[in-house]
Amino acid sequence: MSLERKEQNDLSPKNSVEENQQNLSLSDMHLELERGSCTALKQFEASDQSTPYHRIHMEPQEKSTTDFKQFVIKKLHKSCQCSSTRAKNMILGFLPVLQWLPKYDLKKNILGDVMSGLIVGILLVPQSIAYSLLAGQEPIYGLYTSFFASIIYFLLGTSRHISVGIFGILCLMIGEVVDRELLKAGYDTAEGMPSHFGMVSNGSELLNQTLDWMCDRSCYAIAIGSTVTFLAGVYQVAMGFFQVGFVSVYLSDALLSGFVTGASFTILTSQAKYLLGLSLPRSSGVGSLITTWIQIFRNIHKTNLCDLITSLLCLLVLLPTKELNEHFKSKLKAPVPTELIVVVAATLASHFGKLNEKYNTSIAGSIPTGFMPPKAPDWNLIPSLAVDAIAISIIGFAITVSLSEMFAKKHGYTVKANQEMYAIGFCNIIPSFFHCFTTSAALAKTLVKESTGCQTQLSGVVTALVLLLVLLVIAPLFYSLQKSVLGVITIVNLRGALLKFKDLPKMWKVSRMDTVIWFVTMLSSALISTEIGLLTGVCFSMFCVILRTQKPKTSLLGLVEESEIFESMSAYKNLQTKPGIKIFRFVAPLYYINKECFKSALYKKTLNPVLVKAARKKAAKKKIMKETVILSGIQDEVSMQLSLDPLDLHTIVIDCSAIQFLDTAGIHTLKEVRRDYEAIGIQVLLAQCNSSVRDSLACGEYFKEEEENLLFYSVYEAMAFAEYQNQKGVCISNGLSLSSD
């Protein structure tokens, strides 16, 4: 059925059969209208309907005007109400464990939770020890961190599957802060005491007195780590309280992926010295990756061959087994705990082979059992660490929330983003009093947890019990473990982030802009620093968003045959157009940044009214005839301008369906465009404006009340109106009266 006939069926005139026989049929009238018949137009005017097209009319909702004072009072009254029901809901909301634990299905869930908790706990033992080096801490503190995070998330978390604990990127950021503050305090990495105390003369009483109250390097390092962790947790809880989780939307998937990959290069660089057995201070600040490699190559001749051989052997074992675990994960009930096997084997080899005594290999050293007394963060360090904690807190909660939402969607349940921020915030605040550093969800361990049958948060308790066993009994057995083995474990776990390069061709095909964001964030995180890299990535991605709206896609639209659908003529073939009408689409908000782009694109694709006006003035000057008439002795000049040829274009319809909002500059631009086109006899119609755009146009006085009919709910309606108006004008100009007899 043709487009015109579809309109005809909807708009059959209400004349009697006799009147229809005397007059043209409706279908004939439409055909005659297309041929330019004024008789058909006259019969439409004479019929009950005033126009040969259907006009949609919608009545807007009345907006309730609420006094701001009353609104605030109402909100405060609602927030300050206290009842037993409200108190119960608040407690259950803050402690989700009280909701799901009483309903726990023991037969259905216990096996999967126990299995996944055991596997993740076994994997966490070597990783916690390895990542402690990355954070600039002693191995025992990494075990503390993983233990407390597992317990607290069990109580406060809403995700059933994510594994919260040590995360390599955050350990790197903590380590950079720790090294910087240690350097400020004058600690020498070789001696473990402030360098200015080391310069005191032999036998000095001042040094002996200082030893009683002064922290050694390890003590001061964990004080720094726990303080920045406390601050990060406070920021995360504050973001949850003020419900500012929207901050994470500025960290796109491409940005986070690029940041993690870039930071992975920094982690790899920081661990390379352990693989070679080199004793080098950690480089920090801008360009630390490059300066670290320069130091490594300058000291390459000092490589400890025993550490190097151990590293190569561990790599030869871990890399293939990681690949096999990944390849056969669908067939394996649980991944092979290769890391733990390597750690045990390496520890036994180092202990019985006396590698430290014979070859001077670097070892983990004494790891105490039990728990140290709780200690408050160092409040004096807060001013110097407050800014560092911001980036750490944002990365931590962004990764945690995104992972929890991803796995919740996959398994068909919901998580509360604000509660997740509370959970990860308290996973940092409370452990900071127990010698811990920052934690978050980690993708690799979460995938292991999910694949081994995890059903609920109870698996976190099983993981904590495994770590507790290590802390109370097994930890001292790792005394002879070489640091090169821990470095290899850390590097091998970067495999997933480094393999992101394989996804770049696919990402390039999907979105070139996202690929550029990925590269910029990755390079800046690796070559400059992690914090500056994150900030650079956020700023660049926001710039890309602005750039997309600054030069958006524009197109002329054509009508799809036998429908009322309009599509881009540059994208599709065989689209129909109506003579004298051009339909323009602008795919972006219209605001101060892209207003000039809107005008130039519109003028380029339709007609430039400024050039037409200039051409008319130029033509008018050539065609003006001047005559001198003398009346009553007074000389007058009479100018007579010849008529110019009319334009073929009579209407421009702007499809506003993709314009989300207007600002004052956008409204002014639309006014200017309309004024310029009307000056050369072309009307401008707006179609498919959303309610926000309509309100902006009304407030900006784009049209008068009687001109509101220039806004249309569909492009097809606007086109039909333009055809009708044009034909009506042609008939009137030809001298045909349209009033009924």
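**Notebook: strand 3, its sheet and selected helices**

I looked first at strand 3, which is joined to strand 5 (residues 581-586) by four bridges, the two running antiparallel. I took helices (H or I, at least four residues) and strands (E, at least two) as DSSP runs numbered from the N terminus, and I treated two strands as paired if DSSP finds at least two bridges between them. The model is predicted, so I note that local features need pLDDT of at least 70, side-chain atom pairs count only at pLDDT 80 or more, and totals for chains, interfaces and linings use all residues. Residues are numbered from 1 along each chain as its sequence is written, and side-chain values use heavy atoms, with hydrogens and water left out.

**Entry 1: the sheet**

I found Leu557 opposite Ile583 in strand 5. On its other pairing, strand 3 (residues 554-559) runs antiparallel to strand 4 over three bridges, and Leu559 stands opposite Phe566 in strand 4. I looked up the hairpin of strand 3 and strand 4 and found six residues between the strands, with Glu562 taking a positive phi near 55°.

I then asked in what order the strands of the open sheet are arranged. Six strands follow the order 4-3-5-8-9-10, with mixed pairing. Strand 4 (566-568) and strand 10 (711-712) are at the edges with a single partner strand each, so one side of each has no neighbour in the sheet.

I checked burial in strand 3, with buried meaning under 20% relative accessible area, exposed over 50% and partly exposed in between (1.4 Å probe, protein chains only). Six of the six residues of strand 3 are buried, so the strand is largely enclosed by the rest of the structure. Thr554, Leu556 and Gly558 lie on one side, and Ser555, Leu557 and Leu559 on the other.

**Entry 2: helix 30 and its neighbours**

I noted that helix 30 lies across strand 8 (651-655) and strand 9 (683-687), running at about 145° to strand 9. Axes are lines fitted to C-alpha atoms, for helices over the stretch in contact, and angles run from 0 to 180 degrees between N-to-C directions. Contact means heavy atoms within 4.5 Å.

Helix 30 (residues 664-679) also packs with helix 29 (residues 609-622), at an angle of about 30° and with the axes 9 Å apart. I recorded that Pro609, Val610, Lys613 and Arg616 of helix 29 meet Asp676, Tyr677 and Ala679 of helix 30.

**Entry 3: Arg694**

I located Arg694 in helix 31 (residues 691-699). Is Arg694 buried or exposed? Its relative accessibility is 16%, and Arg694 therefore counts as buried. Leaving aside residues up to four places away in sequence, Arg694 touches Cys689, Leu711, Phe712 and Tyr713. The C-alpha atoms of Arg694 and Phe661 are 9.3 Å apart, with their positions 33 residues apart along the chain.

**Entry 4: Ser150 and helix 23**

I found Ser150 in helix 9 (residues 139-156), buried at a relative accessible area of 7%. The Ser150 side chain reaches the backbone oxygen of Ser146 at 2.9 Å. Beyond residues up to four places away in sequence, Ser150 touches Val164, Gly460, Thr463 and Ala464.

I turned last to helix 23 (residues 483-492), where nine of the 10 residues are buried, so the helix is largely enclosed by the rest of the structure. The buried residues of helix 23 pack against several helices, including helix 8 (106-134), helix 14 (253-276) and helix 16 (305-327).

Definitions and conventions. Polar contact = N/O pair within 3.5 Å; in protein donor to acceptor, adjacent residues only side chain to side chain.
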